[in-house]
Amino acid sequence: MNPPPRTEAQETRNKSRQHVGQRRMEDALPGELSLHEESPLVRPYGDTTGDGMVQISFTLPVPHDKRAEGAALQLAAKMGMSPAILVHAKSIAPSFTFFVVYGAVTHLVDLREVEVVERDFDVLSARDTNALIRKRLRRKLVVVGACIGTDAHTVGIDAILNIKGFAGEKGLEYYREMAVHNLGAQVPIPELVNAAHDLRADAVLVSQVVTQKDAHIHNTTAMSAAFREAFPAGKVPLLIVGGPRFEEGSAKELGVDRIFGRGTTPGEVASYLVHAMIERPKGKSA
Amino acid sequence: MVNLAKRHTTVSVERATLRLAGLSGADHERVPWVNHLVDRVRQDVGLEHGVALPVWDALRRGDAPDLTTLAQKAAGGAVTFRLPEGKDATAAGKAARTAISRGVRTIDRQRATRDKLIARHGDPKQKPWIYLIVATGDIYEDIPQAQAAAREGADIIAVIRSTGQSLLDFVPEGATREGYAGTYATQENFRLMRAALDETSKELGRYVRLTNYASGLCMPEIATLAGLERLDMMLNDSMYGILFRDINPIRTFVDQRFSRQIHARAGIIINTGEDNYLTTADAVEAAHTVTVSQLLNEYFAKEAGLADWQLGLGHAFEIDPTVPDSFRLELAHALLARTLFPDAPLKWMPPTKHMTGDIFRGYLLDGFFNLVGAMTGQGILLVGMMTEAVVTPWLSDRDLALQNVRYVLDAAGGLTEDFHPPREGLIQTRARQVLREAIDLLQEIVDDAEETGDPALLAAIADGTFGAMKRPPTKGKGLDGVARKAPGYLNPATDLLSEGSDR
């Protein structure tokens, strides 16, 4: 229950400063992080370049005592924090302790090794999107949207489809050249497949927010499998899923054409649809 | 609307009636016996007379010694039901009333037990009562979490239901360990959790209340199970299922009336779901729809026999924090609800829509939410989690959230005394504006009626007045489970509940 001794924390902090100072001089080796030129190797930034400072908080299933605090520091060390400063420890249930730890991580991050899914299409205005559909597709682009499985969180799909839209951009319903059908929440997969078939959907948008026990992954793979089964090859509508917890690079694995993550705006989705349907029609690979 | 509800029955109302008579359990495929029995009766004689007469007629004729055996035989097609007439009907009706009144008396006894336990252990010392959610999907995981939450200061434990249960047209059976983003509402889960919280109440010297959800297609049955197992609060909104789950409007209003009669009888506090209007629409623009919904919920609740102290009318802190004066607007809305319903224990719900994943900012937002709760004297405070929209709450998230609540209540709980915004200030002006918009909307609903002939509210729901969702009375899930009552319809449960009698 005692707060960590103030003086001890202070002492560690001082030590850390000295340590960081020393290491920064070491870091000036060729190929290593340099303070004066832009480097692909970076460390977290607390208040000084290269100090490597991070904060973490976690709970250990042990009562709060000296041993628990030692255990927390051990974990921090194993996570690459050296030195680690235990700034807060509090008993939160008879046999659980909550910790906040600050410290310098020994790891370097190499920016050259980071892989990013870059957007491979241009974001168009609503007007240009409409014009492209009118000129090239010569009919309305049919979009069917739904939350599938047991997911009842329509926030995502509504943000993209409803006229009201998201982040100041109007939703797809606003696009004159799109026919949007929002089937709403908890739509069974067979119902979605049938609706896509009956409405002759060009694209199917599915939103998945609930991620407990990987529900979003299971639902998505089940959905893409159902579409591949129900439609002849090459005739499957564009399958697009969105949600805050998908890995953007996992579209192929899940059997869908595109994944959109947190913060996606309707304009991005509309632009992607035009790009995929018109500029690079789907049949190409079939 | 009420007359419409009185003129119809539903499969779930009839199943709830059988549950009051003690029928429980399910077959090996986990289809409940109440579903089997209601379906067979409906096949043979229809639903419009109620199941009580045909079922107790079959029992009297010796088709089976008890309800469970009758349901089992009926499921196998070994029983044919008929509609008794004359003396047979009178006798069957009497037998049904006797059996069903036992369930009603169990509910009465559970209510008396609650009163006794509250007298023994006491109510929470502070207002608002602190409401915390548990949702692991596994009842045996929920129990220790709920007990821990109570020890940490929660006065009310809500066990969130598995996503999707609202659209099941049956109530699952037994203790369940599998659920998505929540745990199934079952009679056994109710019993296990209430028993665990009784232990904790004793340990803490404070009666810890238990909450679940009477919503969706099985609203009447779940309300009944809640009454039988002494749950203390139930989420129960008059229009939520229609608007947000696309459940048929007539089904909802019929089911809702029965479930509220049960809640009234069981001394259960209902929690309504006005927060949903604000998560799907802009919280400033849609503020008046909350007021309208509160007024409708109040009306339907009182009509079904609920008293003011049982009305946990909902509202939420969902204004975009980047809107100028957002905190003052929140205060205005909260104060309006408080002033309109002075005797109801309003339920104040935390921000969700503008919780971005920045937990530090979220923690501050929750602090402001708590402050509005303290300043405007809310009755029930649903504790906000800084990890909203990130993960289901961790042990430490809950602890931090409770520290936040405790700090604000200790530091500013008495502010209700000092907080009297001036008449011409922004807060009062805004409250008056919202009230005026609410009255205009109600007027619009009333005017709408003349064109269609349907009850005004039904017409309004059909053409998208609420939440911009159009829900016509001829569509929506569960419509096939609705039947118009025939002359001679008998349901001893509704009779006992309406009369207030127990024999």
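Student: In which strand of chain A does A:Val109 lie?
Tutor: This is a predicted model, in which local features need pLDDT of at least 70 and side-chain atom pairs count only at pLDDT 80 or more, while totals for chains, interfaces and linings use all residues. Residues are numbered from 1 along each chain as its sequence is written, chains are lettered from A and ligands numbered from 1 in the order in which they are written, and side-chain values use heavy atoms, with hydrogens and water left out. Strands (E, at least two residues) and helices (H or I, at least four) are DSSP runs numbered from the N terminus. A:Val109 belongs to residues 109-110 of chain A, which form strand 5.

Student: Is A:Val109 buried, partly exposed or exposed?
Tutor: Buried means under 20% relative accessible area and exposed over 50%, with partly exposed in between (1.4 Å probe, protein chains only). At 38% relative accessibility, A:Val109 is therefore partly exposed.

Student: How much accessible area does the nonpolar patch with A:Val109 have?
Tutor: Nonpolar patches join Val, Leu, Ile, Met, Phe, Trp and Tyr side chains within 5 Å, in residues with over 30% relative accessible area and no salt bridge (like charges are joined within 9 Å). A salt bridge is a side-chain nitrogen of Lys or Arg within 4 Å of a carboxyl oxygen of Asp or Glu. By the Shrake-Rupley method with a 1.4 Å probe, where only the protein chains shown count as cover for residues, A:Val109, A:Leu111, A:Val114 and A:Val116 together have about 340 Å².

Student: Which domains of chain B does the largest nonpolar core lie between, and why?
Tutor: A nonpolar core is a set of buried Ala, Val, Leu, Ile, Met, Phe, Trp, Tyr and Cys residues joined through side-chain atoms within 4.5 Å. The largest has 137 residues, with B:Trp56 and B:Phe466 among those having the most contacts inside it. Because two domains (bounds from an automatic or database assignment) both give residues to this core, it lies between domain 1 (9-100) and domain 2 (214-349 + 438-479).

Student: How many residues of domain 2 of chain B are in contact with domain 1 of chain B?
Tutor: The C-alpha centres of these domains lie 33 Å apart. Contact means heavy atoms within 4.5 Å, and 11 residues of domain 1 of chain B meet domain 2 of chain B through 13 residues.

Student: What is the phi of B:Arg230?
Tutor: B:Arg230 lies in the loop between helix 9 (219-228) and strand 5 (233-235) of chain B, and is buried at 7% relative accessible area. Most residues other than glycine have a negative phi. B:Arg230, not a glycine, has a positive phi near 55°.
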